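Reader: I should be grateful for a close examination of one part of this model, with the residues concerned named individually. Please set out the surroundings of that part in a connected account.

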Amino acid sequence: TPGSSEQLPDDPLSRNGGLKEGDEDISVNDWIDLGEKALDAYDYDVCERYYMHALKASHGGLEPALCVLELLVDHLAAYEKALDVSASFSREAGKDRRVRILLGLSSARCDDFEQALDYIDGILDPRVVEIHLLAAGHFVRNGDENRAAKALSNLKPYENLERKPEIDKLEQKILALKARKFEHVEKEMILAWEEGRFDVGLELAERILSSLPQNKARSEERRVGEECRSRWVPDP
């Protein structure tokens with residue numbers, strides 16, 4: 001039963017009569033096995049306790065570190081706690097890509113995107129998709145379209161059709177952000193066309209199109225401007 005505090009079958013704490021939870025005779029593997037049994041029984045509190053014993057007994061070893069993180073991140077969504085626990089990981093555990101991905105996801109869920117992206121730097125794995133999407137959304141909300149675009153560009157190696165609608169929506173928001181920042185340039189460009197300053201108009205159109213190549217309206221204005229300039233003969 002979930003939440004049960006009763007000892008599980010084959011629990012080494014109940015074997016041989018004399019073993020206590022603090023006994024050094026209980027091995028790291030025993031603690032992990034106990035934790036897995038508790039996890040199967042949906043007893044998350046007991047599972048966490050056993051996994052933490054394994055982590056301590058192993059001096060921050062890789063396997064217990066992964067067990068703790070998978071419990072806290074994947075099952076409990078206890079992201080802050082996962083980051084706190086990581087301080088006790090060994091150097092080997094801290095370098096493991098699986099550990100880094102779980103810590104990266106925890107950092108992203110805690111809105112620490114600088115740390116999140118640092119954790120997954122150089123990692124190619126399907127699980128980093130969620131982190132890059134969270135980062136892109138964060139940068140869009142903060143008006144940083146360049147960093148948002150960079151976060152989305154990191155998703156190119158993945159053909160994730162399931163998340164494609166989310167990616168497309170973020171791309172549209174990024175384009176909208178860029179367009180708003182060029183509104184004053186567009187006004188100057190239109191004024192230049194109207195006043196016959198075609199060289200200035202073309203220069204401004206190029207500036208817009210270099211940042212917004214999808215802007216078909218500006219592309220057409222540039223074409224018309226080039227045609228007008230080719231016909232324009234300056235007064236002697």
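**Leu155 and its surroundings**

Author: Not counting residues up to four places away in sequence, Leu155 touches Val129, His132, Leu133 and Ile167. The model is a predicted one, and the account below should be read accordingly.

Leu155 belongs to the largest nonpolar core, which has 54 residues. Within this core, the residues that touch the most other members are Tyr51, Leu69, Phe89, Val99, Leu133, Leu152 and Leu155. Leu133 thus appears both as a contact of Leu155 and as one of these highly connected members. Helix H3 (residues 62-75) supplies the largest share of the core, 9 residues. In soluble globular proteins, nonpolar side chains tend to be buried together.

Another contact of Leu155, His132, leads to the second largest pocket, whose volume is about 280 Å³. This pocket is lined by 16 residues, and those closest to its centre are Leu117, Asp121, His132, Lys150 and Asn154. Helix H7 (113-119), helix H8 (128-141) and helix H9 (145-153) are the elements that each contribute two or more residues to the lining. By character, the lining comprises 9 nonpolar, 3 polar and 4 charged residues.

Helices H7 and H8 also take part in covering helix H6, since the cover over the buried residues of H6 includes H3, H4, H5, H7 and H8. Helix H6 (residues 97-109) has 13 residues and spans 18 Å from its first C-alpha to its last, close to the 18 Å expected at 1.5 Å a residue. Its buried residues are Val99, Ile101, Leu102, Leu103, Gly104, Leu105, Ser106, Ser107 and Ala108. Val99 is also one of the core residues that touch the most other members.

Two further residues illustrate contrasting degrees of burial. Glu48, in helix H2 (residues 44-57), counts as buried because its relative accessibility is 15%, below the 20% limit. Beyond its neighbours within four places in sequence, Glu48 is in contact with Leu71, Leu72, Leu76 and Lys81. Ala87, by contrast, counts as exposed because its relative accessibility is 71%, above the 50% limit. Ala87 lies in the loop between helix H4 (79-85) and helix H5 (91-95). The C-alpha atoms of Ala87 and Gly60 are 8.9 Å apart, although 27 residues separate the two along the chain.

Key. Residues are numbered from 1 along each chain as its sequence is written. This is a predicted model: local features need pLDDT of at least 70, side-chain atom pairs count only at pLDDT 80 or more; totals for chains, interfaces and linings use all residues. Side-chain values use heavy atoms; hydrogens and water are left out. On a 1 Å grid over the protein atoms alone, a cavity is a set of points where a 1.4 Å probe fits but cannot get out, and a pocket is an open set with protein on both sides within 12 Å along at least five of seven lines; lining residues have an atom within 4 Å of a point. Grid points are joined across faces, edges and corners, and a volume is the space filled by probe spheres set on the points. Helices (H or I, at least four residues) and strands (E, at least two) are DSSP runs, numbered from the N terminus. Ala, Val, Leu, Ile, Met, Phe, Trp, Tyr, Cys and Pro count as nonpolar, Asp, Glu, Lys and Arg as charged, and the others, Gly among them, as polar. Buried means under 20% relative accessible area, exposed over 50%, partly exposed in between (1.4 Å probe, protein chains only). A nonpolar core is a set of buried Ala, Val, Leu, Ile, Met, Phe, Trp, Tyr and Cys residues joined through side-chain atoms within 4.5 Å. Contact means heavy atoms within 4.5 Å. The expected span of a helix is 1.5 Å times one less than its number of residues.
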